[in-house]
Protein chains: 2
Amino acid sequence: MEVKRKMTKSPIKPAEMLIGALLRVPAQAIHRRIIHELNEAGFEELRVPHMAVLQFPGPDGARPGALAERAGISKQAMNQLLRSLESLGYIVRSDVPNKGRARIVRLTRRGRAAYAKIHDILREIEREWMAELGPRRFAELKEILFLIWQSPLAR
Amino acid sequence: MEVKRKMTKSPIKPAEMLIGALLRVPAQAIHRRIIHELNEAGFEELRVPHMAVLQFPGPDGARPGALAERAGISKQAMNQLLRSLESLGYIVRSDVPNKGRARIVRLTRRGRAAYAKIHDILREIEREWMAELGPRRFAELKEILFLIWQSPLAR
DNA sequence: CTGCCATGGTAAACGCACTTTACCACAAGG
DNA sequence: CCTTGTGGTAAAGTGCGTTTACCATGGCAG
């Protein structure tokens, strides 16, 4: 069944809103939109789990284990994702000489195209938000979020 | 395997950061923390998927179908969650007389306790963020996020 | 009244993706 | 050597969401 999404249009007061919902809802909206537009732009094979790899700052040059760590999943799960993305032609995994079994992930041309597309989508979203909020408030938002990002609170 | 999480401490410049990552990372951090502290506070059975039900504004008084819709999952998936939560003693589903097959979800005492605990955790998180950012910037953050929430951009 | 359909809910089967458990390869250090 | 740490892989098991299908009630057209 295709899931329809409709939000409750209930009269919610600002005072009731906690930071959890305030962050979660727009973050999810962005996530869904990225996947949707990515699929429409010709990257149809990319599914939700793949996003764990393509997330900022991207997998290029990284080790599988490191990618697993920052995505918060096991190395094995990451490995499955990487195998999938490799068979789809988005990445390659190459050996690193004189480094034991170490491997390194590289984006292919197609992989770079997909990653660039995500960037484009986000830029467009930023444009829309800026139009909604005004440049000043939007800049403030990013600034404050960046402070949180840097702090240990985001861990 | 227990998944360890460690963030890259790479020197990232604010200019590179797009709103996607800026929102996602703290939102995920909050989500993980809620589940973790909920489990520690004696609600050990609650798992990630259950959060789709306990999410703001909570399930009390709502129909299963409506809950499914706002969680973005199918009615069947929501039903499984509700059955699980019912068998764990967090909710009950009662019939609504003269309303067809309609059912209504009610939090039990334990369910209300869990929901209140989530509220407490979020309040504590807000306290910490306010200490980090200062009351003024924190209020600004919530205000701006609330504007986005109200706009169609969050859909 | 009665047959049809819209609405809301449920059940079973399937499939994907993650974890668990286990193992392999190489390097460094005693 | 043998051990330990690091990095990666493989296979089995499982949890959870979708797909497919069906059931129950109420409204409504004829």
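Select B:Thr108 to begin the tour of this predicted model: the residue is buried, with a relative accessible area of 19%, and because buried means under 20%, that value falls within the cut-off. B:Thr108 sits in the loop of chain B that runs between strand S2 (103–107) and helix H5 (109–133). If you display its surroundings and leave aside residues up to four places away in sequence, you will find B:Thr108 touching B:Gly89, B:Tyr90, B:Ile91 and B:Val92.

Next, move to chain A and select helix H5, residues 109–133. Its 25 residues should span 36 Å at 1.5 Å a residue, and the C-alpha atoms at its two ends are 36 Å apart, which agrees. Colour the buried residues of H5(A), which are A:Gly111, A:Ala114, A:Ile118, A:Ile121, A:Leu122, A:Ile125, A:Glu126, A:Trp129 and A:Leu133. Then bring up what covers them: from chain A the cover includes helix H1 (19–40), helix H2 (51–54), strand S2 (103–107) and helix H6 (135–150), while from chain B it includes helix H1 (19–40) and helix H6 (135–150). Just after H5(A), pause at A:Gly134, where phi is positive at about 90°.

From there, select H6(A) together with H6(B), whose axes lie 10 Å apart and whose packing angle is about 120°. That angle makes H6(A) oblique to H6(B), and the crossing of the two helices is left-handed. To see the contact itself, show A:Arg137, A:Glu140, A:Leu141, A:Ile144, A:Leu145 and A:Leu147 in H6(A), which meet B:Arg137, B:Glu140, B:Leu141, B:Ile144, B:Leu145 and B:Leu147 in H6(B). Sorted by class, this contact of H6(A) with H6(B) has eight nonpolar residues, four charged residues and no polar ones.

A second pair of helices from the two chains comes next: select H1(A) and H5(B), whose axes come within 9 Å and cross at roughly 85°. That makes H1(A) roughly perpendicular to H5(B). On the side of H1(A), show A:Ile19, A:Gly20 and A:Leu23, and on the side of H5(B), show B:Leu122, B:Ile125, B:Glu126 and B:Trp129, which they meet. By class, the contact of H1(A) with H5(B) has five nonpolar residues, one polar residue and one charged residue.

While chain B is in view, select H1(B), which has 22 residues and reaches 32 Å from its first C-alpha to its last, close to the 32 Å expected at 1.5 Å a residue. Just after H1(B), B:Gly42 takes a positive phi of about 105°.

Now return to chain A and pick A:Met51, which is in helix H2. Is A:Met51 buried or exposed? At a relative accessibility of 7%, A:Met51 counts as buried. Apart from residues up to four places away in sequence, A:Met51 touches A:His31, A:Ile34, A:Ile35, A:Leu38 and A:Leu46. You may also draw a distance from A:Met51 to A:Leu81, which are 30 residues apart in sequence and 9.5 Å apart in space, C-alpha to C-alpha.

The last stop is a pair of peptide bonds. In chain A, look at the bond from A:Phe56 to A:Pro57, which is cis with omega near 5°, and note that A:Pro57 lies in the loop between H2 and helix H3 (64–71). In chain B, the bond from B:Phe56 to B:Pro57 is cis with omega near 0°, and B:Pro57 lies in the loop between helix H2 (51–54) and helix H3 (64–71) of that chain.

Methods: Residues are numbered from 1 along each chain as its sequence is written. Chains are lettered from A and ligands numbered from 1 in the order in which they are written. This is a predicted model: local features need pLDDT of at least 70, side-chain atom pairs count only at pLDDT 80 or more; totals for chains, interfaces and linings use all residues. Side-chain values use heavy atoms; hydrogens and water are left out. Helices (H or I, at least four residues) and strands (E, at least two) are DSSP runs, numbered from the N terminus. Buried means under 20% relative accessible area, exposed over 50%, partly exposed in between (1.4 Å probe, protein chains only). Contact means heavy atoms within 4.5 Å. The expected span of a helix is 1.5 Å times one less than its number of residues. Axes are lines fitted to C-alpha atoms, for helices over the stretch in contact, and angles run from 0 to 180 degrees between N-to-C directions. Angles under 35 degrees count as roughly parallel, over 145 as roughly antiparallel, 65 to 115 as roughly perpendicular and the rest as oblique. A crossing is left-handed if the near helix is turned anticlockwise from the far one by less than a right angle, and right-handed if clockwise. Ala, Val, Leu, Ile, Met, Phe, Trp, Tyr, Cys and Pro count as nonpolar, Asp, Glu, Lys and Arg as charged, and the others, Gly among them, as polar.
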